[in-house]
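Colleague: I should like to learn how the features of a structural model are to be read. Please take me through them one at a time.

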Amino acid sequence: MTPAWMEGLDILCKCRHDFRKTGITWGLFLSPDTLVDGARRLFQTGFFLEDISALDSANGFVAVYHLSAYSEADRVAFYVILPHNDPQIPSISTVYSGALWHEREAMDFFGIHFTGHPDPKPLLLPEDMTDHPLIKENENRVPLKDLLDPGEIVERDPGFLFFEEVDSSTEESKPEGQ
Amino acid sequence: MTEGDEQTLIINMGPQHPSTHGVLRIVLVLDGEYIVSATPVIGYLHRMHEKMAEIRTCLQYMPNMGRVDYLNPLGWNWAWVGALERLAGIEVPERAEFIRVITGELNRISSHLVWFGAYILDLGAFTPIMYAFEDREKILDLLQPISGSRLTYSFFRPGGVANDVTDAVLKDTLDFVKYMRERLPMYRDLVTDNIIFRKRCEGVGVLSLEMCQKYGATGPVLRGSNRSYDIRRTEPYSIYDRFDYEIPVDEKGDAMGRYRVRMAELTESLKIIEQAVNQIPGGDHIVKKAPKPRWKAPKGEVYFAVEGARGKIGVYLISNGDKYPYRVKLRSPGFSNLSLFGELAKGHLLQDAVSILGSLDLVIPEIDR
C-alpha cells in the first residue's frame, strides 16, 4: 500500500487521506532536515510541484508543499512545522526550480526564511515592506488539530503529538515532547 | 559574455510594454540582440486575494474569483465552489453540472480567442485580433444573459449555478458552435499556415519535459511539450468523463507547438459544448439547500483543482468551522508558467522573447493574485 518512494524516508507522521474527500492522497509531516530528501524522491518518481504555501497555527508556522503525479489523481502534501520565533527551512529549489518563486512568496506572506535560496528578495510585495500580511495575531491562532485533517494516521513518531486528541485511545500518546 | 560585462546592455521590458499584456516587467541583459539573462519582476497587480479570503465568508468571496483571472473567471469560480463542495459534501444537480460545462467551455474558447488575437498582434499582424474579438463578442453575448455579466463572472454557487439557462440561449449556443466551426479553417489559412508567423514561432522557446516538471508547468504549455496532462482526465471532476473529446498535444515543445495545442483545444471545446447542449437534462439549476451568504464551511482542509484555460487552477482551503476561512491558497497556472521564462529565454533573440512570452499565455492579475 505504501508507495516505493516512501520507503526509508524519515517521516514524523504519515497520514493517508481519501482523495475524494480532501483531494490529497498522502499527507506527510516531515522535519526540515528530511524535506529535501522527500522532494528529491518525488521528483525522481515523476511528481511535479504544484505550490508551496504556509499556514499560521498556534503550534507554529506550517509550510505546506503540494506535489502531484501526471498519470493519475495522486497528490502528496508535505507539512513542515516551524517555530514562530525562528522559522527556518531548507529551500528545495535545487530539486524543483519552480520552488524559487513559491518560496519567495511564502517569505513575503509569512516571513519564513528559506535557507539556501539564491535570491531571497520579495516577489509580490514591495521591497521595503517589513510586514508579513498573513501572520495572525496570537489570539486568533488555532491549534493544528483543529485545522488539518490527519485522515488515517498510518505511522507516527512517538514524539509527534499534534493530533493526540484525535487518537487518545491508543497507548502511544504519552505525555512527552510538545 | 556575462552579466555586468561592459559589452552587455541591461534594459527594462515593461512594466508598460505592450507585449506584456498587463503590468509585467522583465529585466533583460542583452549581448547585442541576444538575451544573456531575463528576470521577470512581478507584483504590480498584486491584490492579496488570499488575505481577502480571511475577512469574507465563503460566498462573499465568490466575486474575488471573477477577478483573479479576468479572461477565465469561470475556471476560478469552478475551483472555488469545487473546493467548498468537496469539503462540505454538497451534491450538485445534474442540470447545474451541464450548465457549468457549457459555460466553462465557452469561457475557455473566449480566453483562447483573446490569447490568439493578442499573440498574433505581438508578432506584428493586426487583423486577426479583430476577427478574434468578433467571435469572442458572440460568446460574451451568450454568457451575459446566463450569468448577468460580460467579463468578471461570479456565476457558480456551491451546489449549482446562480441562474438557469433558457432554451433560447441553448439554441443560440448551438448556432455559435456551428458558426465557430466555420471560422476555424479561416484562422488556419490566415495565420497558422502563414509563413511569416511560422518563422516567428517554429523552433523558438523549445521547452523540455524535464523543465516543465521542475517548474510545474501545466495546461497548454505542458501539452505543447507532448505530455497529455489535463485535469479533466487525470482528476476527473464534474461530468467531464461523459463526453467524447481529445486532449491535444504537440511533440515539438516550441512556441508553435503551444499555439497548435490551443487552436486544437478550440475544436475540442466546441465538441464538448455541442454534446452538453444536446444532452442537458431538466431539473434544478441549484440544490434546494444551497449555502446562504452567511454559511460557514465545516472544519477541515481540502484541495481542489480544475483545468483552466491556462492550466491547473488549484484552491487549497483550510477551515476551522469559523464564519471566515482560516487560510486560502490559490494556485495559479500562470505563476508557474511564467517562472520558467528566465531559463527558457536565455540565448534567444530579443524579438523571440516577445514570441515566447505570448506563447505562455500570461494573464498578469492571475499571476500576481
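Modeller: The discussion below takes the overall form of one chain, then its sheets and a helix, and finally the contact between chains.

Modeller: This is a predicted model, in which local features need pLDDT of at least 70, side-chain atom pairs count only at pLDDT 80 or more, and totals for chains, interfaces and linings use all residues. Residues are numbered from 1 along each chain as its sequence is written, while chains are lettered from A and ligands numbered from 1 in the order in which they are written.

Colleague: What radius of gyration does chain B have, and what would a compact globule have?

Modeller: The radius of gyration is taken over C-alpha atoms, and the globule rule is 2.2 Å times the number of residues to the power 0.38. For 369 residues a compact globule would have a value near 21 Å, and chain B, with 21 Å, agrees. Along its principal axes the C-alpha trace of chain B spans about 70 × 50 × 30 Å.

Colleague: How many helices and strands does chain B have?

Modeller: Helices (H or I, at least four residues) and strands (E, at least two) are DSSP runs, numbered from the N terminus. On that basis chain B has 15 helices and eight strands.

Colleague: Which strands of chain B stand at the edges of the sheet E1-E2-E3?

Modeller: Two strands pair if DSSP finds at least two bridges between them. In chain B, three strands form an open, antiparallel sheet in the order E1-E2-E3. Strand E1 (9-13) and strand E3 (34-41) of chain B each have a single partner strand, so one side of each is left without a neighbour in the sheet. Neighbouring strands of this sheet are turned by 20 degrees against each other on average, direction ignored; axes here are lines fitted to C-alpha atoms, for helices over the stretch in contact, and angles run from 0 to 180 degrees between N-to-C directions. Strand E2 (residues 25-31) of chain B pairs with E3(B) over seven bridges in the antiparallel sense, and B:Asp31 stands opposite B:Tyr34 in E3(B).

Colleague: What is the order of the strands in the open sheet that includes E7 of chain B?

Modeller: The order is E6-E7-E8 (chain B), again with antiparallel pairing. Strand E6 (300-307) and strand E8 (327-331) of chain B are the edge strands, each pairing on one side only. Between neighbouring strands of this sheet the average turn is 10 degrees, direction ignored. Eight bridges join E6(B) to strand E7 (residues 312-319) of chain B, with B:Glu301 opposite B:Ile318 in E7(B). Helix H3 (residues 73-88) of chain B lies across E6 and E7 of chain B, at about 145 degrees to E6(B).

Colleague: Is B:Pro333 buried or exposed?

Modeller: A residue is buried if 20 or more other C-beta atoms lie within 10 Å of its own, exposed if 12 or fewer, and partly exposed in between, with C-beta atoms placed from the backbone. B:Pro333 is buried, with 33 other C-beta atoms within 10 Å, and is found in helix H12 (residues 333-339) of chain B. Buried residues make up 54% of the 369 residues in chain B.

Colleague: Where do the buried residues of H5(B) fall, seen down the axis of the helix?

Modeller: An α-helix has 3.6 residues a turn, so residues three or four places apart point the same way. Helix H5 (residues 127-147) of chain B has buried residues that include B:Asp135, B:Ile139, B:Leu142 and B:Ile146. The buried residues of H5(B) fall within an arc of 150 degrees, so they line one face of the helix; the arc is that of the directions from the helix axis to the C-beta atoms. The face turned away from the buried side carries the exposed residues B:Thr127, B:Met130 and B:Glu134.

Colleague: How many residues does the contact take from chain A and from chain B?

Modeller: Two residues are in contact if their C-beta atoms, placed from the backbone, lie within 7 Å. The contact takes 30 residues from chain A and 34 residues from chain B. On the side of chain A that touches chain B, the largest share, six residues, comes from E3(A). Ten bridges join E3(A) to E4(A), which run antiparallel, and a hairpin joins the two through two residues.
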